[in-house]
Amino acid sequence: MDRVILHIDMNNFYASVETLYDPSLRDVPMAVGGDRERRHGIVLAKNMLAKAKGVKTAEALWEAERKCPGIRFVPPHFDRYAKYSRLAKSIYAQYTDMVESFGLDECWLDVTGSTRLFGGGREIAEEIRLRIREELGLTVSVGVSFNKIFAKLGSDYRKPDAVTEITRENFREIVWPLDAGALLFVGKSTQAALRKYGMRTIGDVAQADRRLLRRLLGKNGEQLNIYANGEDMAPVAHIGEAEELKSVSNSTTAIHDLRDDGEIRAELYMLSESVAHRLREKGLSGYNVQLSVRKYNLETYQRQKMLDVAVADSESIFRAAYGLFRAHHTGESIRSIGVRVSSLVPLGMTQCSLFGDAARGQRMQKLETAVDFLRCKYGEDVVERGIRRMHSDLFETEDVRRRTHIENPFKGVAV
């Protein structure tokens, strides 16, 4: 028997929640955005009126204002969004104990075992949709299908406040004509690679030779073919099931555009120190170091490097990130920068070495663990790097180790 999977997407979530607190926002174009003064000026969410004017998520506030003169911007209130996310999940939990979050505003539900109590997948979806609207004052779009990938496509297919069912009988008519970029985990670079070889739709990906896709895109290409043909069998996690940590990252938007190499090194070192501290705190180390750079014109690029040994010290992370920067940056001023470590393993799993960079990394890790202890006991400022002192004007009074900006440069990036 096929599974019955729902994917529920809360429509324009941040903007809709803000409207509950300020009803005057309901009938005007509005967007939730970052702080212009601190240069975090991007659109996090917009309502349907702003969307109709061409406003897009993740674009700069000034771009949104140019498209939609008179648009109202409100600052984000993440405590409110977390509250309504919890309320929605409490409703989902009344239908199944298999509820897997995909961000604050999206969830998969496996209701296969609930159909005898509540009816078929569409009936359950419609009931949840109505309850969310009546009890929370929000709207959702729901996809119903036999796997997670198609359920997600279903929730994206019709918005807002709608239910779309994708079955084994109709998925070729609904899914295959869609642009390949609509498929989960297809980023811009993957989409460009597919188009280069004439694969523009999900149907093209589905009908392509799986061995060819593997040669072109590696294991990811083969996986996309599986997704496009409806063969994904990934389970929906149970409520409370701990999600495996895939990466640790931190990013920052500078007080002013950065061009000086010393300032850029300082930013990268502070970010590397923050990531290294969090890795050790979680008992992890990682093989893959990734760099994200957003230029003054908001153009963004990401680069990565696989290391020979897993690292959890700031020196090793910085050396890899700065090396990527030197190799790939073409000289433009920088607006924001981020560092991520992935391919994680438990701390200490890699074999000890007496030679080269690996031995140096092990010594630095021990030293920084001692610094962790001192900071925990006597405060964050008891030990401070000289590079931070040299460029203290970049960081104001706020410690980069504790900065978590609303802009995530790695979100949605297919690696």
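In this short talk I will go through one predicted model, starting with a helix and ending with some unusual backbone angles.

Let me begin with helix α13, which covers residues 261-281. How far apart are the end C-alpha atoms of this helix? At 1.5 Å a residue, its 21 residues should span 30 Å, and the end C-alpha atoms are indeed 30 Å apart, so the expected span and the computed one agree. If you now look at what surrounds the helix, you will find that 15 of the 21 residues of α13 are buried, which means that the helix is largely enclosed by the rest of the structure.

The two ends of α13 also deserve a look. At its start, a side-chain oxygen of Asp260 comes to within 3.0 Å of the backbone nitrogen of Gly262. After the helix comes Gly283, and the phi of this glycine is positive, near 70 degrees.

From here we can move to Asn250, which sits in strand β9, the strand made of residues 247-258. Is Asn250 buried or exposed? With a relative accessible area of 6%, Asn250 falls under the 20% cut-off, and therefore counts as buried. The side chain of Asn250 is joined to the side chain of Ser274 by a polar contact of 2.9 Å.

Next, a word on cysteines. A disulfide is a covalent bond between the sulfur atoms of two cysteines. How many disulfides does a search of the whole structure find? The search finds 0. Two of the cysteines can still be placed by their accessibility: Cys68 is buried, with a relative accessible area of 3%, and Cys107 is buried too, with a value of 2%.

Now I would like to turn to pairs of helices. Two packed helices are described by the angle between their axes and by the distance between those axes. Take helix α4, residues 78-92, and helix α6, residues 121-136, whose axes come within 11 Å and cross at roughly 140 degrees. An angle would have to be over 145 degrees to count as roughly antiparallel, and α4 and α6 are therefore described as oblique to each other. The crossing in which α4 passes α6 is right-handed.

A second pair is formed by helix α11, residues 210-217, and helix α12, residues 219-228, which pack at an angle of about 140 degrees with their axes 6 Å apart. That angle makes α11 oblique to α12, and the crossing of these two helices is right-handed.

My last topic is the backbone. Most residues other than glycine have a negative phi, and most peptide bonds are trans. With that in mind, please find the loop between α7, residues 148-157, and β8, residues 163-165, where Pro160 is located. What kind of peptide bond joins Lys159 and Pro160? The bond is cis, with an omega of about -10 degrees. In the loop between α7 and β8 you will also find Asp161, which has a positive phi of about 55 degrees although it is not a glycine. Asp161 has a relative accessibility of 21%, and so it counts as partly exposed.

Finally, Ser343 lies in strand β12, which is made of residues 334-346. The phi of Ser343 is positive, near 55 degrees, and this residue is again something other than glycine. Its relative accessibility is 33%, so Ser343 counts as partly exposed.

Terms used: Residues are numbered from 1 along each chain as its sequence is written. This is a predicted model: local features need pLDDT of at least 70, side-chain atom pairs count only at pLDDT 80 or more; totals for chains, interfaces and linings use all residues. Side-chain values use heavy atoms; hydrogens and water are left out. Helices (H or I, at least four residues) and strands (E, at least two) are DSSP runs, numbered from the N terminus. The expected span of a helix is 1.5 Å times one less than its number of residues. Buried means under 20% relative accessible area, exposed over 50%, partly exposed in between (1.4 Å probe, protein chains only). A polar contact is a pair of N or O atoms within 3.5 Å; within protein, one must be able to donate a hydrogen and the other to accept it, and residues adjacent in sequence count only if both atoms are side-chain atoms. A disulfide is a pair of cysteine sulfur atoms within 2.5 Å. Axes are lines fitted to C-alpha atoms, for helices over the stretch in contact, and angles run from 0 to 180 degrees between N-to-C directions. Angles under 35 degrees count as roughly parallel, over 145 as roughly antiparallel, 65 to 115 as roughly perpendicular and the rest as oblique. A crossing is left-handed if the near helix is turned anticlockwise from the far one by less than a right angle, and right-handed if clockwise.
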